[in-house]
Amino acid sequence: MDFIGSHILSIDQFERADIDHIFSVARMMEPYAHRHQVTKVLDGAILGNMFFEPSTRTRVSFGCAFNLLGGEVRETTGFENSALAKGESLYDTARVLSGYSDVIAMRHPASGSVAEFASASRVPVINGGDGANEHPTQALLDLYTIEKELKSSGRSLDGLRIGMIGDLKHGRTVHSLAKLLCCYKNINLQLVSPDALQMPGELVELLSSTGHQVTISDNLASSIAHVDIVYSTRIQEERFVSQQEADLYRGKFRLNQSVYTKHCEPNTVIMHPLPRDSRAEANELDSDLNENPNLAIFRQTDNGVVLRMALFALVLDVVNLVDKSAKPVNWYTGSRFQ
Ligand code: NCD
């Protein structure tokens, strides 16, 4: 695809070659994200970071990624703090905000809303999550992480064995990741959820019809026994009609060190888009896994920055200028990226 000036709304836009291209630009961004070098290639550019639903890492990493390329970030957070709460349409909001920004990252609680907003925007819009529909940048950073994690043990994305666990009905990260995996070969996908929270039928159909092996189950132990990646997710309680209904499903599939040791192959990588729900009644990914070297959740969040830097550089057409504008870092950088 031609990235320049494009909206990034859905994984449907990408072919395998596009993903390879994004990942090669993301690798190029590593020295900048890891503070070995500085670039000001987006000096003067403005990101409108519009988050109409709760977010920590997605919002902050979009902002950081833009800052690391030398650009400025303007933020709106919370529906109630915006004119949408006064009945303004997405069309009007998009016309206004795209006059103040060079690119917009947006999250909104309604499926399809970011695409609707993008159709009225005069600048590129990147989907930071639209309801239960999609979260394309999370899926890209997840796949980037999977590729990196598997490389060290000689495994690759083709032939990947992955278990997705939890709320597969409402989880937009697993929807986008499932679509992304369709670009690869011979994927073995174990889908583990309560019956009522299964992956949407059209996505299962898409995976099966593109030649992948899909198993649907509600048995955690058998589903994580022969996979490269365990991808745990939170029950998306904000998508249920009532808290009581969400409570029916919380805490059903808990991964902790003893479950991992008993059922998983050595070196099975543990992932989660975060936030993990650490309340006792949920606790889908126990903190006793924190010292497990195969826990990749914080490597995922670090990778979110390079991946989003790559998308900004591609969409704003500065990939070839980044290295030309590079300077060394001259402040204390700590040890967080070593
Ligand atoms: C996810 C989301 O918002 O869809 N979080 C994220 O962006 N990393 C997952 C979740 O909220 O459970």
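Q: Where is Asn283 found, and between which elements?
A: Asn283 is in the loop between strand 10 and helix 11. Helices (H or I, at least four residues) and strands (E, at least two) are DSSP runs, numbered from the N terminus. This is a predicted model, where local features need pLDDT of at least 70, side-chain atom pairs count only at pLDDT 80 or more, and totals for chains, interfaces and linings use all residues. Residues are numbered from 1 along each chain as its sequence is written, and side-chain values use heavy atoms, with hydrogens and water left out.

Q: What makes Asn283 stand out in its phi?
A: Asn283 has a positive phi of about 45°, although it isn't a glycine.

Q: What makes the peptide bond from Leu274 to Pro275 cis or trans?
A: Its omega is near 5°, and the bond is cis. Pro275 sits in the loop between strand 10 (269–271) and helix 11 (297–315).

Q: Why does the pair between the ligand and His135 count as a polar contact?
A: A polar contact is a pair of N or O atoms within 3.5 Å; within protein, one must be able to donate a hydrogen and the other to accept it, and residues adjacent in sequence count only if both atoms are side-chain atoms. An oxygen atom of the ligand is 2.8 Å from an N or O atom in the His135 side chain, so the pair counts.

Q: Which backbone atom lies 2.9 Å from a nitrogen atom of the ligand?
A: That's a polar backbone atom of Leu274.
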